[in-house]
Amino acid sequence: RVLLIHTGGTLGMDPNQSYMDEGAGNVHLKEGTGGVYPTEDSLQPGEVLSDLLTAVPELTNFAHLDVEIVFNIDSCRLGPKQWVQLAKLLDKQRQNYDAFLLVHGTDTMSFTAAALSLMLQGFKKPIVLTGSQLPLAMPRSDARQNLIDAITCATAGCLANPMSRYPVHFEEVAICFGGRLMRGNRARKIHSSVYNAFDTPNYPHLAKLGVEVEWDHDSLLTAQNDVYQPRFKLNPNVIRVPIVPGVDPRKAYGDLYERGVRGIVLEAFGVGNMPDNKSHGWLPWLKQQRKKGLLVYLCSQCNAGNLHPELYRSGSVALNMGVESGRQMTPECAVIKMMFCLEYKDIPMSQPIAGEL
């Protein structure tokens, strides 16, 4: 049994009201709309499931499918409140289903995947997020293939699945998009319009879907001994701060702690370097903010590679101030983990929770 949780996104848009037809198969969103979504009140799970199975009847070959509509909105409108709502729903239904699919908009899919992976540590069942670059009802939509790929991966470990040739030990939060299965808290949206819009720059793909499904078994999360520990609190008072050459943070950002910010993800150069001259102000500013209690996690502006801030004077000074650092996280995951660690102060940012490090 698989539960499909609908949250909105392009896949569920009304194509006739959302897009302009330019001819020759080219379309674009109507300016100023961001797409038109049917209201949640007008969506009934039975009708949505019927429409889904009419468009993608192959889904029934993999599992018995149920649908739950949580909301139907542009993913830019999702945040900590909705992530907690989704996590609580998954926790409630955990024992009732073998796997879970989340239909989600692409813009914040990586953030939601990271949040769910941290809040549902040790969930031990597949949670696969997918969506599309064009609505399901459009002729050239990628939604159909993404849905089939997502349920293929989600049910690959179910012995009762007649489509699974052999059991796969897949029980984590992942994104399935454009023929790739990726760890959710390692994924980033890397392109605004192509069909393979997501990638994991610092981690192998969990599976590649073509004629065959090629699993990278060594890259799958192993959590056999982890006790399931759901945690449903996030502190949203967090921002990302990229270091820009020549910019004085005392002027650009000022007293963040005084304004209510409680954590920052500081995006340094390379392996963790930053300006160390006093006139640029980064180290004095960090010292002041750390003394007030601001939690700071150092990451890199690079997509891939290891962090070694201790190799530079500025990085060493920052670490001695209590700035945290560790192996590279995506910026999306780092800000979500900061929200998480602010609520669960016994968990340091550098402690792996769900394969994010």
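How many helices and strands does the secondary structure of the protein chain come to? In this predicted model, the count is 9 helices and 17 strands. The protein chain has 357 residues, and 55% of them count as buried. Contacts across the sequence also deserve a look: among those with a separation of 6 or more, 72% are accounted for by residues 24 or more positions apart. With this overview in hand, the text turns to individual residues, beginning with the aromatic rings.

The structure holds 9 aromatic pairs. A pair of aromatic rings is described by the distance of the centres and the angle of the planes. For Phe100 and Phe123, the ring centres are 5.7 Å apart and the planes stand at 65°, so this pair is edge-to-face. The angle that decides the matter is one over 60 degrees. The two partners come from distant parts of the chain, with their positions 23 residues apart. Phe100 belongs to strand β5 (residues 99-103), while Phe123 sits in the loop between β6 (120-121) and β7 (127-130). Are these two rings buried or exposed? Both Phe100 and Phe123 are buried. They also have aromatic company, as Tyr97, Phe100, Phe123 and Tyr228 form one aromatic cluster.

Positive charges meet rings in this model too. Arg94 lies over the face of Phe123, at 5.6 Å from the ring centre. Phe123 therefore takes part in an edge-to-face pair with Phe100 and also has Arg94 over its face. Elsewhere, Arg262 is placed over the face of Tyr257, and here the distance to the ring centre is 3.7 Å.

The next topic is salt bridges, of which the structure holds 10. One of them joins the side chains of Lys189 and Asp107, at 2.8 Å from N to O. This pair links distant parts of the chain, 82 residues apart: Lys189 is in strand β10 (residues 188-189), and Asp107 is in the loop between β5 and α4 (109-119). Lys189 has a relative accessible area of 26%, so it is partly exposed. Asp107, at 48% relative accessibility, counts as partly exposed as well.

Strand β10 also supplies Arg188, whose side chain meets that of Glu332 in a salt bridge of 3.0 Å, N to O. Distant parts of the chain are again linked, with Arg188 and Glu332 lying 144 residues apart and Glu332 found in helix α9 (residues 331-343). Arg188 is buried, and so is Glu332.

A further salt bridge is formed by Asp248 and Arg250, with the closest N and O atoms 2.9 Å apart. How do the two partners fare in accessibility? Asp248 counts as buried because its relative accessibility is 15%, which is under 20%. Arg250 has a relative accessible area of 40%, so it is partly exposed.

Not every charged residue in the model has such a partner. Arg180, located in strand β9 (residues 180-183), is buried yet has no salt bridge. Which side chain of opposite charge is nearest to Arg180? It is Asp199, 4.0 Å away. The side chain of Arg180 does reach the backbone oxygen of Phe198, at 2.8 Å. Leaving aside neighbours within four places in sequence, Arg180 is in contact with Ile175, Asn196, Phe198, Asp199, His205, Ala207 and Leu209. Phe198 and Asp199 thus appear again in this set of contacts.

Two residues in loops give a view of the exposed side of the model. Arg259 is found in the loop between α6 (249-252) and β16 (263-268). Its relative accessibility is 58%, and for that reason Arg259 counts as exposed. Which residues does Arg259 touch, not counting those up to four places away in sequence? They are Tyr253 and Gly254. Arg259 and Asn237 are 22 residues apart along the chain, and their C-alpha atoms are separated by 9.7 Å.

Leu311 lies in another loop, the one between β17 (295-300) and α8 (313-320). At 61% relative accessibility, Leu311 counts as exposed, since the value is over 50%. From C-alpha to C-alpha, Leu311 and Gly272 are 8.3 Å apart in space, although 39 residues separate them in sequence.

Definitions and conventions. Residues numbered from 1 in each chain as written. Predicted model: local features only at pLDDT ≥ 70, side-chain atom pairs only at ≥ 80, totals over all residues. Heavy atoms only, no water. Phe/Tyr/Trp six-rings, centres within 6.5 Å; stacked < 30°, edge-to-face > 60°. Helix = DSSP H or I, 4+ residues; strand = E, 2+ residues; numbered from the N terminus. Buried < 20%, exposed > 50% of the residue type's maximum accessible area, 1.4 Å probe, protein only. Lys NZ or Arg CZ within 6 Å of the ring centre and 35° of its normal. Lys, Arg positive; Asp, Glu negative; His and termini not counted. Polar contact = N/O pair within 3.5 Å; in protein donor to acceptor, adjacent residues only side chain to side chain. Contact = heavy atoms within 4.5 Å.
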